[in-house]
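Reader: I'm new to this one and would like a close look at a single part. Could you pick one helix and walk me through how it sits among its surroundings?

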Amino acid sequence: MTRGVPVFVLALVLLAPPSLPAQSGRAGAPVVDPPITCGACDEWNAPRQPFKVFGNTYFVGSAGLSSVLITSDQGHILIDVALPQSVPVIDTNIRALGFKTSDIRLILTSHGHFDHLGGVRAMQRFTGATVGASTRTAEALALGHATPDDPQYGGPSADTFPAVTTGVRVVQDGETVKAGPLAITARYTPGHTPGATTWTWQSCEEARCLSIAYVDSLTAVSNPGFRFTGDGTRPGIVDSFRRSLDTVRALPCDVLLTTHPSASGMDEKLKRGTAEPLVDAGACRALAESSLAALEARIGQEQPR
Ligand SMILES: [Zn+2]
């Protein structure tokens, strides 16, 4: 037997399109910025099956980083664009659901860390969408890294990400932003970062409407040396952090989604296999309570000065 290349394989090779540069991918797909590397990045960015949350709300993120699509026949809203290398994952998920990524009209943001805003610039470039951000998250977007008063500034979460300097619309606390028939309300929930923003909206199936809350990170984590209780160089942020938790506790919240799916136990809930595993009117309250306990524990560890 000869060991030559079988004819059909050769035919496939000859018919195959010329390979495209790694960063452009499929024709008509978003051009991706250089990837960010971090300890958890590969695990976070692993592909996951997109799914309908309720009504016109869909989860289109990766294994460990949330991106949420809210659809309408006049264009879509996308919340958070994770890492630069998450953009093809999100694009694939949106197309798998039968929607067009290019129909995104508004990209909304949670907080100014590389793992939630890393893909915003590429997605904005591809869609031409307006980017909506709180005052302080807009600052981080313009810098391309966490702001200097961020508890994690100077650490891994201060790593740079592609800055977004144009097309950003600042959304005020309590303001409702509209895109066609879609309306979504910003609630500032500072603590994890100064700009942390939670978004709430309603999605309907027939006459039944549910309140969806996309709650920003509420973890009191920092670089060594940062004190939530303040020090000689900066005031404490404990009071505003506690107010954020009060805000989350009182949100309209039939379905809780979080910036990292793990923060709301999304996968555990999905595995239950019940009819509506993510519908839980007590979920925001429970997250506020557990986050408050963690914050108080952290305060207890900070020695008075
Ligand atoms: Zn963060």
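**A close look at helix H9**

Author: Let's take helix H9, residues 283–301: at 1.5 Å a residue its 19 residues should span 27 Å, and the C-alpha atoms at its ends are indeed 27 Å apart, so the two agree. Keep in mind that this is a predicted model.

Now for which way H9 faces. Its buried residues are Ala283, Cys284, Leu287, Ala288, Ser291 and Leu295. They take up an arc of only 125° around the axis, so they sit on the same side of H9. Turn to the other side of H9 and you'll find Ala293, Ala297 and Gly300, which are exposed.

What does the buried side lean on? The buried residues of H9 pack against strand S11, helix H7 (238–249) and strand S12 (255–258).

Cys284 is a good residue to zoom in on. Skipping its neighbours within four places in sequence, Cys284 contacts Ala213, Val215, Val248, Arg249, Leu251, Cys253 and Leu256. Cys284 also belongs to the largest nonpolar core, which has 67 residues; together with Ile107, Cys284 touches the most other members. Strand S11 (residues 208–215) gives this core its largest share, five residues. As a bit of background, nonpolar side chains tend to be buried together in soluble globular proteins.

Away from H9, there's an open sheet to look at. Seven strands line up in the order S1-S2-S3-S4-S5-S6-S7, with mixed pairing. Strands S1 (51–54) and S7 (168–170) are at the edges with a single partner strand each, so one side of each has no neighbour in the sheet. On average, neighbouring strands here are turned by 30° against each other, ignoring direction.

Inside that sheet, S3 (residues 68–70) and S4 (residues 76–79) pair in the antiparallel sense over three bridges. Leu69 has Leu78 in S4 as its bridge partner. Helix H5 (residues 120–127) lies across S4, S5 (104–108) and S6 (130–133), and runs at about 160° to S5.

One last stop is Asn56, in the loop between S1 and S2 (57–59). Asn56 counts as buried because it has 21 C-beta neighbours inside 10 Å. Leaving out residues up to four places away in sequence, Asn56 touches Ile70, Thr71, Ser72 and Ser203. Asn56 and Ser203 are 147 residues apart in sequence, yet 5.9 Å apart in space, C-alpha to C-alpha.

Key. Residues numbered from 1 in each chain as written. Predicted model: local features only at pLDDT ≥ 70, side-chain atom pairs only at ≥ 80, totals over all residues. Core = buried A, V, L, I, M, F, W, Y, C linked by C-beta atoms within 7 Å. Buried ≥ 20, exposed ≤ 12 C-beta atoms within 10 Å, placed from the backbone. Helix = DSSP H or I, 4+ residues; strand = E, 2+ residues; numbered from the N terminus. Contact = placed C-beta atoms within 7 Å. Pairing = 2+ DSSP bridges. Axes fitted to C-alpha atoms, helices over the stretch in contact; angles between N-to-C directions. Expected span 1.5 Å × (residues − 1). Arc of directions from axis to C-beta.
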